[in-house]
Amino acid sequence: MPRVVVDVMLKPEISDPQGQAVLGALTRLGHQGVQAVRQGKRFELEVSDPVDEAAIAQIADTLLANPVIEDFTVHVQTMPTPTSMDRPLAPGRLA
Amino acid sequence: MTTDIRVGVVTFPGSLDDGDACRAVRLAGASPVALWHGRHDLFEVDAVILPGGFSYGDYLRAGAIASFSPIMREVIDAARRGVPVLGICNGFQVLCESGLLPGALTRNAHLHFRNRDQRLRIEARTAWTGDLAEGAEIVVPVKNGEGRYVATAATLDAVEAEGRVLARYVGGNPNGSSRDIAGVTDPTGRIVGLMPHPEHAVEELTGPSTDGLRFFTSILASLVGAGAGRAT
């Protein structure tokens, strides 16, 4: 089953205080070589073959990202690494 | 002749301030109507309030998932027909996510949840602020973690140029909102979003002031003036 990865980042003109907080932590940890950090979101969608790219774009543009303040990119992985998502859970059991 | 103005207050999963919004509507002299997020029914209310809280736990983005609720289909259609809508805090986030208001609300610039009494200056004349003079300063509680209002410079310039800044923070900006914007309105003055909580400033016993009550008396006056509600 193909996996679609949608990466969402704040638009460059929107300031990112969470990224700045991470940068502050890196600095405190002694990492002098990192100049800036911006934090975003990554969504992994297991989708049916064939991949409906128009539907994915609509999903990304209307739900996963807020186009007012966020940009997104879409990548399709045809041979994704298995995750615990791939094994159905027995009723009442935690994975 | 008395009229029966009915103001709907939506409850989403995780809404917290729906109860206080209903109370404020009642104190103002109108009838609150509880609206359920999962139903396609506004019960023909004369105005709608989207209350504060943490709908869907603020998952994904605050207000994002709630903006796709069945009730929001009705709220958006009603707003486009001219029914007044007030979004408070999480409700403001829902209005922006729904595209009914410009811009977006993001994580507070200092990353802290800010909960304090806040002074605001009212700058726009709207259906929800008719009882407040332009330039009036009021004190209402602000409580938010994702209350920073942001938009592109072009959008902010347009909002300001069109007189659509509803209110600005004065005496300190609690969340880093661009240009100290605490609330915005649509061009008609009927669809309004505000980060602070007027419903928490309606009684001397429980609020820093009773300034917030003016939002609810204003919409009542606006609707009575427009001939809404049933004569009883």
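This passage describes a predicted model of chains A and B, from their interface to their cores and some local backbone features. Residues are numbered from 1 along each chain as its sequence is written, while chains are lettered from A and ligands numbered from 1 in the order in which they are written. In this predicted model, local features need pLDDT of at least 70 and side-chain atom pairs count only at pLDDT 80 or more, whereas totals for chains, interfaces and linings use all residues; side-chain values use heavy atoms, with hydrogens and water left out.

The interface is a good place to begin. Here 14 residues of chain B are in contact with 16 residues of chain A, contact being heavy atoms within 4.5 Å. Together the two chains bury about 1300 Å², of which 64% is on carbon and sulfur atoms; buried area is the accessible area (1.4 Å probe) that two parts lose on being put together, summed over both. Of the area that chain B buries against chain A, 38% comes from B:L60, B:R61 and B:R148, more than from any other three residues.

Polar interactions also cross this boundary. The count between chain B and chain A is 1 salt bridge, defined as a side-chain nitrogen of Lys or Arg within 4 Å of a carboxyl oxygen of Asp or Glu. It is formed by B:R61 with A:E70, whose closest N and O atoms are 3.8 Å apart. On the side of chain B that touches chain A, the elements giving two or more residues are β6 (104-106) and β9 (148-150) of chain B; helices (H or I, at least four residues) and strands (E, at least two) are DSSP runs, numbered from the N terminus. The residues of that side divide into 6 nonpolar, 4 polar and 4 charged, where Ala, Val, Leu, Ile, Met, Phe, Trp, Tyr, Cys and Pro count as nonpolar, Asp, Glu, Lys and Arg as charged, and the others, Gly among them, as polar.

Strand β6 of chain B deserves a closer look, since B:T106 lies in it. At 8% relative accessibility, B:T106 counts as buried (buried means under 20% relative accessible area, exposed over 50%, partly exposed in between, with a 1.4 Å probe and protein chains only). Leaving aside neighbours within four places in sequence, the contacts of B:T106 include A:I69, B:R148 and B:V150.

Turning to the interior, the largest nonpolar core has 70 residues, and those with the most contacts inside it are B:V48, B:I49, B:L50, B:W128, B:F215 and B:F216. A second, separate core of 10 residues includes A:V8, A:F43, A:V47 and A:L64. A nonpolar core is a set of buried Ala, Val, Leu, Ile, Met, Phe, Trp, Tyr and Cys residues joined through side-chain atoms within 4.5 Å.

Some backbone details round off the picture. Most residues other than glycine have a negative phi, and most peptide bonds are trans. The peptide bond from A:D49 to A:P50, however, is cis, with omega near -10°, and A:P50 is found in the loop between β2 (41-46) and α2 (53-64) of chain A. In chain B, phi of B:D58 is near 60°; B:D58 is found in the loop between β4 (47-50) and α2 (70-80) and is buried at 17% relative accessibility. B:C89 has a positive phi of about 55°, is found in the loop between β5 (85-88) and α3 (90-97) of chain B, and is buried with a relative accessible area of 6%.
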